Amino acid sequence: MNLFQLFKASVMEPRKQAAVRIMSIGKILRYVFVLVLLMTIVSFIELAAGLGDTGNSMDGLLEFVEDIKWLLYPFAFIFLFVSTTLYQFVKISLFALIGLAFIQMKKRKGEYRHLWRTTALAVTVPTLLSFAFSFFDVSMWATFGLGLLTIIYLHFATNYYPKQPPAKKKPA
């Protein structure tokens, strides 16, 4: 699957979200990094535009930013990318633990590594919605709702994991 197919599966196909458990981790990591990179670029553009607006109201800040602009922007972009990546990986890992609980409750076969891959796709829509909401004044309940949306995506995706075979009885 290419990155666009992974994105399409993450938006509307829980069966394919579950199917990515058998894909290589490299392709899933590439998908996560590209998603984070795109969000970072948009955030960085907003940051750069915001610094210009803030600088207009404070002359001293404007002079300071103009003097170190060549240094400020690359470090800001790198810091933004690293922090966003770290946040995304922690979020995926925590939701994968919740998915592991789903697997055990539903008596399905799966391991944490499989759920991590599935969760990487399941968090896409809530992450993009959260990112879009960050540009507006949204309450904390929206963040909670988006976390719930991730759990719902995971619940649907884990329904397509294979069932565990029945336990064998020990001969007496």
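The lining of the second largest pocket is nonpolar throughout: nine nonpolar residues, no polar and no charged ones. That's from a predicted model, so here's a quick tour of this pocket and of the largest one, which has a lining of eleven nonpolar, eleven polar and one charged residue.

**Second largest pocket**
- Its volume comes out at about 170 Å³.
- Lining this pocket are Leu3, Phe4 and Phe7, then Tyr31, Val34, Leu35, Leu38 and Met39, plus Leu128.
- Helix H1 (3-12) and H3 each put at least two residues into the lining of the second largest pocket.
- H3 has the largest share there, with five residues.

**Largest pocket: size and centre**
- The largest pocket has a volume of about 460 Å³.
- A set of 23 residues lines the largest pocket, and the ones nearest its centre are Tyr87, Lys91, Thr127, Ser130 and Phe131.

**Largest pocket: where the lining comes from**
- Four helices each supply at least two lining residues: H3 (25-57), H4 (59-106), H6 (124-133) and H7 (140-158).
- H7 gives the largest share of the lining of the largest pocket, six residues.

**Side by side**
- H3 turns up in both places: it supplies at least two residues to the lining of the largest pocket and five to that of the second largest.
- For chemistry, the largest pocket has a mixed lining, with eleven polar residues and one charged residue beside eleven nonpolar ones, whereas the second largest pocket has no polar and no charged residues in its lining.

Terms used:
Residues are numbered from 1 along each chain as its sequence is written. This is a predicted model: local features need pLDDT of at least 70, side-chain atom pairs count only at pLDDT 80 or more; totals for chains, interfaces and linings use all residues. Side-chain values use heavy atoms; hydrogens and water are left out. On a 1 Å grid over the protein atoms alone, a cavity is a set of points where a 1.4 Å probe fits but cannot get out, and a pocket is an open set with protein on both sides within 12 Å along at least five of seven lines; lining residues have an atom within 4 Å of a point. Grid points are joined across faces, edges and corners, and a volume is the space filled by probe spheres set on the points. Ala, Val, Leu, Ile, Met, Phe, Trp, Tyr, Cys and Pro count as nonpolar, Asp, Glu, Lys and Arg as charged, and the others, Gly among them, as polar.
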